[in-house]
Amino acid sequence: MPTLHLDLGSRSYPICIGPGLLGQRDVFAPHIIAGQKVMVVTNTTVAPLYLERTLAGLTDFQCDHVILPDGEQYKTLETLDTIFTALLNQRHDRSTTLIALGGGVIGDLTGFAAASYQRGVNFIQIPTTLLAQVDSSVGGKTGVNHPLGKNMIGAFYQPQLVLADTATLNTLPERELGAGIAEVIKYGLIRDAEFFVWLEQNIDALRARDPAALSYAIERSCRNKAEVVARDERESGERALLNFGHTFGHAIETGLGYGVWLHGEAIAAGMALAADLSRRQGWLSGADQQRIIDLLTRARLPTQAPAALDSERLLELMAVDKKVSSGKLRFILLKAIGHAVISADFDARMLQTTLDTCRTEQPLALAPA
């Protein structure tokens with residue numbers, strides 16, 4: 001079982017990756033206070049598939065569970081209150097452990113609940129989607145959405161363990177798989193050019209769910225993220241690079257309505273727009289931009305923003321992005337594949353051209369749901 005470690009001093013934790021990890025008592029036990037309660041938080045899609053198997057590895061503990069509705073549109077304060085109510089009704093105290101069993105929405109909600117309940121309790125991440133396994137479960141970002149902006153309410157709060165059972169990807173819908181691949185591609189673009197070349201050679205194997213290819217991509221993605229987070233836990237500098245494509249992507253998600261496009265789909269389009277702006281700035285070569293578009297296309301991901309959102313609306317939404325500093329919009333842009341930079345030094349006319357030209361009237365129909 002490959003195990004990485006995110007090095008944060010006394011708050012360091014392992015990231016366990018491999019098939020068949022759900023239900024293994026010896027994986028969970030060292031990270032839960034002996035004799036104490038556990039609350040598993042999951043959703044209506046994941047519970048029938050993996051809740052029973054997860055509980056089988058927790059027989060040494062008193063376990064409760066709460067099943068939430070599935071979807072980005074439920075990543076709200078109202079849903080968060082459902083978790084708090086369940087904890088209070090079952091008399092969970094400060095020694096309890098919350099376990100997030102699901103994708104990024106469940107992980108973000110559960111982590112924020114853990115950060116807030118009785119001013120902080122332990123929690124464990126069990127990501128069941130590719131996107132969550134390679135990105136949202138690692139690094140301690142938790143939170144909920146607001147109608148005016150994505151992930152605007154939350155906390156940095158690290159888990160005790162991330163357990164990525166790769167066998168859960170066998171039940172993942174095609175669109176969800178593609179959404180995760182978008183975040184995998186991101187690591188190659190921002191800091192790992194060698195990995196990007198590997199992805200160009202193996203993208204078909206990833207789409208076909210080849211176990212060896214998926215395991216390698218997950219481990220390398222997690223290693224990239226762990227290295228960045230260890231140096232900049234609270235996103236004061238380098239960690240912002242992990243948001244490549246997200247300023248555009250979050251605007252698309254918010255503008256369309258949460259859940260219309262999956263997070264990874266919006267980020268894929270956002271990365272394509274960021275690459276276009278990088279080229280117009282004279283930083284990224286046309287050849288590298290084309291390689292990016294080609295790989296996203298082969299991954300069956302969007303490379304343009306939806307025409308339903310005009311440039312004025314996108315700019316309005318980007319103005320409330322978390323990367324805005326002192327009222328100035330900042331982007332993560334590319335100098336080359338594998339070399340990203342944080343910059344507020346961009347030509348506003350070029351941004352306008354990118355927003356005006358990188359849009360499509362085509363409906364999102366990339367893979368079956």
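The dialogue below goes through some features of a predicted model.

Me: Where does the sheet begin and end, and in what order do its strands lie?
Reply: To read a sheet, list the strands in the order in which they sit side by side. Here seven strands form an open sheet with mixed pairing, in the order 1-2-9-6-5-3-4. Strand 1 (3-6) and strand 4 (62-68) stand at the edges; each has a single partner strand, so one side of each has no neighbour in the sheet. From one strand to the next, the twist averages 20 degrees.

Me: In which sense do strand 6 and strand 9 pair?
Reply: For a pair of strands, look at the sense and at the bridges. Strand 6 (residues 122-127) and strand 9 (residues 161-165) pair in the parallel sense, over two bridges. Opposite Ile 124 stands Leu 161 in strand 9.

Me: Which strands does helix 4 touch?
Reply: For a helix on a sheet, look at the strands in contact, then at the angle. Helix 4 (residues 104-116) packs on the sheet and touches strand 3, strand 4, strand 5 and strand 6. The direction of helix 4 makes about 170 degrees with that of strand 5. Helix 3 (residues 77-89) lies across strand 3 (37-43), strand 4 and strand 5 (97-102), and runs at about 155 degrees to strand 4.

Me: How many aromatic pairs does a search of the whole structure find?
Reply: The search finds six. For each pair, read the distance between centres and the angle between planes. Phe 123 and Tyr 157 are 6.1 Å apart centre to centre, with 15 degrees between the planes, and this pair is stacked. Phe 123 is in strand 6 and Tyr 157 in the loop between strand 8 (149-156) and strand 9, so the pair links distant parts of the chain, 34 residues apart.

Me: Is Phe 123 buried or exposed?
Reply: Compare the relative accessible area with the cut-off: buried means under 20%. Phe 123 has 1% and is therefore buried. Its partner Tyr 157, at 22%, is partly exposed.

Me: What kind of pair do Trp 198 and Tyr 216 form?
Reply: Their pair is tilted, at 4.7 Å centre to centre and 45 degrees between the planes. Trp 198 lies in helix 7 (residues 193-207) and Tyr 216 in helix 8 (residues 211-231), so the pair ties together parts 18 residues apart in sequence. Trp 198 is buried, with a relative accessible area of 17%, whereas Tyr 216 is partly exposed at 32%. Ring pairs also bring in Phe 195, which forms a cluster with Trp 198 and Tyr 216.

Me: What sits over the ring of Trp 283?
Reply: A ring can also have a charge over it. The charged end of Lys 335 sits over the ring of Trp 283, 4.0 Å from its centre. Likewise, the charged end of Lys 186 sits over the ring of Tyr 187, at 4.8 Å from its centre.

Me: Why does Cys 222 have no bond to Cys 16?
Reply: A disulfide is a covalent bond between the sulfur atoms of two cysteines. The closest cysteine sulfur to that of Cys 222 is in Cys 16, 11 Å away, which is too far for a bond. The search of the whole structure finds zero disulfides. Cys 222 is buried, with a relative accessible area of 0%.

Me: Which residues does Glu 265 touch?
Reply: Set aside residues up to four places away in sequence, and Glu 265 touches Arg 175, Ala 179, Leu 301, Pro 302 and Leu 364. Glu 265 is found in helix 10 (residues 263-280) and counts as buried, at 2% relative accessibility.

Methods. Residues are numbered from 1 along each chain as its sequence is written. This is a predicted model: local features need pLDDT of at least 70, side-chain atom pairs count only at pLDDT 80 or more; totals for chains, interfaces and linings use all residues. Side-chain values use heavy atoms; hydrogens and water are left out. Helices (H or I, at least four residues) and strands (E, at least two) are DSSP runs, numbered from the N terminus. Buried means under 20% relative accessible area, exposed over 50%, partly exposed in between (1.4 Å probe, protein chains only). Contact means heavy atoms within 4.5 Å. Two strands pair if DSSP finds at least two bridges between them. Axes are lines fitted to C-alpha atoms, for helices over the stretch in contact, and angles run from 0 to 180 degrees between N-to-C directions. Rings of Phe, Tyr and Trp (its six-membered ring) pair if their centres lie within 6.5 Å; planes under 30 degrees apart count as stacked, over 60 as edge-to-face and the rest as tilted. A charge sits over a ring if NZ of Lys or CZ of Arg is within 6 Å of the ring centre and within 35 degrees of the ring normal. A disulfide is a pair of cysteine sulfur atoms within 2.5 Å.
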